[in-house]
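The following note sets out some points for consideration alongside the coordinates. They proceed from the chain as a whole to individual helices and residues.

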Amino acid sequence: MDSSWFIYALGLLAQGLFSARMIVQWLISEKKRQATSPTIFWVLSITASYIFFIYGWLRSDFAIMFGQIISYYIYMWNLKTKGVWSSRSIKPVAALLLLTPIAGVVYMGFHAEEVASRLFHTECIPMWLVVYGSLGQVIFTLRFVYQFIYSHKKGESVLPKGFWIISLVGTVAICSYGIIRHDWVLCLGQSVGFITYSRNLYLICKNTPSRNE
């Protein structure tokens with residue numbers, strides 16, 4: 001079996017989970033008639049991020065990996081805020097999720113030249129595209145930085161209006177990157193976001209515009 005199919009299957013699984021989190025969040029929000037931050041959203045987020053990072057490594061795509069690094073521990077924080085890690089049976093999973101990125105950094109530190117060659121000195125992705133894709137990932141991931149700061153001030157996990165606005169801007173950037181890279185997995189995964197982001201913005205503006213600014 002061609003290994004490229006396995007890689008794309010892995011990426012498709014991650015994007016499917018990313019899309020599922022948005023659909024589930026959307027359906028729950030529609031039921032409550034307001035934008036909500038359900039626990040399942042963050043469970044799917046951390047699972048998809050874990051898999052998608054591996055996909056990025058196998059694709060030698062620094063932009064994808066960089067985007068996951070930024071948001072990964074924010075997902076962890078939201079799950080902690082919702083009390084998910086308090087269960088004794090879940091603690092081993094939490095430890096695995098917590099330590100995996102650290103192990104990755106250690107590995108990269110001992111194989112810095114090999115990693116740099118794989119991610120930055122490849123004919124598959126010119127440097128300008130690496131920079132462009134990374135910038136798109138930064139914009140897209142800033143939504144979780146914004147969400148973290150907003151939620152930390154509120155003392156609870158919420159998805160405010162700014163989160164959805166940044167999501168729309170970021171998904172346009174990532175889709176264009178995916179088109180240039182001929183990465184249909186990336187484009188397909190982002191396409192679901194257009195509907196859910198727009199709908200959540202509508203619900204927020206309709207019901208609680210002043211509270212979610």
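**Notes on the predicted model**

1. The accessible surface of the chain in this predicted model amounts to about 10900 Å², and carbon and sulfur atoms contribute 71% of that area. Of the 213 residues, 44% count as buried.

2. The secondary structure consists of 8 helices and 0 strands. Read from the N terminus, the order of elements is α-α-α-α-α-α-α-α. The radius of gyration is 17 Å, close to the 17 Å that the globule rule gives for 213 residues, so the chain is as compact as a globular protein of that length. The C-alpha trace spans about 50 × 40 × 35 Å along its principal axes.

3. Contacts in the chain can also be viewed by sequence separation. Among those with a separation of 6 or more, 75% are accounted for by residues 24 or more positions apart.

4. As to charge, the chain carries 18 positive and 9 negative charges, and the mean positions of these two groups are 19 Å apart.

5. Helix α2 covers residues 39-58, which is 20 residues. From its first C-alpha to its last, α2 reaches 29 Å, close to the 28 Å expected at 1.5 Å a residue. The buried residues of α2 include the aromatic side chains Phe41, Trp42, Phe52, Tyr55 and Trp57. Also buried in α2 are Leu44, Ser45, Ile46, Ala48, Ser49, Ile51 and Gly56. Just after α2, Ser60 adopts a positive phi of about 55°.

6. Helix α7, residues 161-181, has 21 residues. The distance from its first C-alpha to its last is 31 Å, close to the 30 Å expected at 1.5 Å a residue. Within α7 lies Phe163, which is buried, because its relative accessible area is 0%, under the 20% cut-off.

7. Which residues does Phe163 touch, leaving aside those up to four places away in sequence? They are Phe41, Arg143, Phe144, Tyr146 and Gln147. Phe41 is itself one of the buried residues of α2, and this contact therefore joins a residue of α7 to one of α2, where contact means heavy atoms within 4.5 Å. The C-alpha atoms of Phe163 and Thr141 are 9.7 Å apart in space, with the two positions 22 residues apart in sequence numbering.

8. Ser29 belongs to helix α1, residues 3-32. Its relative accessibility is 0%, so Ser29 counts as buried. Not counting residues up to four places away in sequence, Ser29 touches Gln34, Ala35, Thr36, Asn200 and Leu203. The helix α8 spans 184-207, and Asn200 and Leu203 are among the contacts of Ser29.

9. Two loop residues merit inspection of their backbone angles. Arg33, in the loop between α1 and α2, has a phi near 65°, a positive value in a residue other than glycine. At a relative accessible area of 40%, Arg33 is partly exposed. His182 follows α7 and is found in the loop between α7 and α8. Although His182 is not a glycine, its phi is positive, at about 60°.

10. Is His182 buried or exposed? With a relative accessibility of 66%, His182 counts as exposed, because the cut-off for that class is over 50%.

Note on methods. Residues are numbered from 1 along each chain as its sequence is written. This is a predicted model: local features need pLDDT of at least 70, side-chain atom pairs count only at pLDDT 80 or more; totals for chains, interfaces and linings use all residues. Side-chain values use heavy atoms; hydrogens and water are left out. Helices (H or I, at least four residues) and strands (E, at least two) are DSSP runs, numbered from the N terminus. The radius of gyration is taken over C-alpha atoms; the globule rule is 2.2 Å times the number of residues to the power 0.38. Buried means under 20% relative accessible area, exposed over 50%, partly exposed in between (1.4 Å probe, protein chains only). Accessible areas come from the Shrake-Rupley method with a 1.4 Å probe; for residues, only the protein chains shown count as cover. Lys and Arg count as positive and Asp and Glu as negative; His and the chain ends are not counted. The place of a charge is taken as NZ of Lys, CZ of Arg, CG of Asp or CD of Glu. The expected span of a helix is 1.5 Å times one less than its number of residues.
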